[in-house]
Amino acid sequence: MVVLRLTLAALAVIVAGAAHADGEVQKLMTPADKARLENYDATRKEAMQEAMGGLPREVAIIGALAAKHPQSFADFDMTGNWQCHTIKAGGMGALVVYDWFKCKVTDDGSGWMLEKLSGSQRTKGRFYTDGDTRLIYLGSGFVAGEKPTAYGKGPETDQVGYAFRTGASEWRIEFPAPQYESKLDIIEFQR
């Protein structure tokens, strides 16, 4: 009987911890960003359809990226230096694929943090677990030379997206309905 009670108590702590972890990001997210994620599937589908009207070589790039299935983050260490590039799908233009820049992921003891280090459009933010194969990214967009603001300071800078691991040394973040230019921004990362 004592073993059963201890097992049930341990299970209650685990479940409460998991609920707290899941609830943390929900408490931090703005209502606008919650709506972006709720509409992620529809936004992504529409953006990808529009992207098919882009240049053939760029369509091939986004097609190959979209075909990569999400993998578990369980045994993946995101920390370190990455090359990264942005892809803008739908919206003002059908599809734009930018050159590669420098990004870095660090771990401050509370989890992974991303900073795009080069290029004119930058981002800085933090990841939150949303399941085995998906993370939520909450960040702030800024222009090179400016100081980034904290997430939650306003819709002009707030960024939200889903991160997916796609290989041994590659992953991406998809930003549905970003504030500027496109319907879906994708940042692809490779070692």
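**A pocket, two loop residues and three helices**

Reader: Which exposure class does Ala177 fall into?
Author: This is a predicted model, and in it Ala177 has a relative accessible area of 32%. Buried would need under 20% and exposed over 50%. The value for Ala177 lies in between, so its class is partly exposed.

Reader: Thanks! What is the phi of Ala177, and where is that residue found?
Author: Ala177 is found in the loop between strand 8 and strand 9. Its phi is positive although it is not a glycine, with a value of about 50 degrees.

Reader: Which residue in the loop between strand 8 and strand 9 has a phi near 75 degrees?
Author: This residue, too, is something other than glycine, yet its phi is positive. It is partly exposed, with a relative accessible area of 35%. Its place is the loop between strand 8 and strand 9, and its name is Glu181.

Reader: On to the pocket, then. How much space lies in the largest pocket, and how many residues line it?
Author: Strands supply part of this lining: strand 1, strand 5, strand 6, strand 7, strand 8 and strand 9 each give at least two residues. Nearest the centre lie Lys88, Gln121, Arg122, Gly141 and Gln159. The space comes to about 600 Å³, and the lining residues number 31.

Reader: How many charged residues does that lining have?
Author: Sorted by class, the lining has 11 nonpolar and 10 polar residues. The count for the charged class is 10.

Reader: Which residues of helix 2 are buried, and why do they line one face?
Author: Helix 2 covers residues 31-38, and its face turned away from the buried side carries the exposed Pro31 and Glu38. Seen down the axis, the buried residues fall within an arc of 95 degrees, so they line one face of the helix. They are Asp33, Arg36 and Leu37.

Reader: What do those buried residues of helix 2 pack against?
Author: Both kinds of element turn up among the partners. The helix on that list is helix 3, and the strands are strand 6, strand 7 and strand 8.

Reader: Helix 3 is a good last stop. At what angle does helix 3 pack with helix 4?
Author: Arg44, Met48 and Ala51 in helix 3 meet Val59, Ile62 and Ala66 in helix 4. By class, this contact has 5 nonpolar, no polar and 1 charged residues. The axes of helix 3 (residues 40-51) and helix 4 (residues 56-66) are 10 Å apart, and the angle is about 145 degrees.

Terms used. Residues are numbered from 1 along each chain as its sequence is written. This is a predicted model: local features need pLDDT of at least 70, side-chain atom pairs count only at pLDDT 80 or more; totals for chains, interfaces and linings use all residues. Side-chain values use heavy atoms; hydrogens and water are left out. On a 1 Å grid over the protein atoms alone, a cavity is a set of points where a 1.4 Å probe fits but cannot get out, and a pocket is an open set with protein on both sides within 12 Å along at least five of seven lines; lining residues have an atom within 4 Å of a point. Grid points are joined across faces, edges and corners, and a volume is the space filled by probe spheres set on the points. Helices (H or I, at least four residues) and strands (E, at least two) are DSSP runs, numbered from the N terminus. Ala, Val, Leu, Ile, Met, Phe, Trp, Tyr, Cys and Pro count as nonpolar, Asp, Glu, Lys and Arg as charged, and the others, Gly among them, as polar. Buried means under 20% relative accessible area, exposed over 50%, partly exposed in between (1.4 Å probe, protein chains only). Axes are lines fitted to C-alpha atoms, for helices over the stretch in contact, and angles run from 0 to 180 degrees between N-to-C directions. Contact means heavy atoms within 4.5 Å. The arc is that of the directions from the helix axis to the C-beta atoms.
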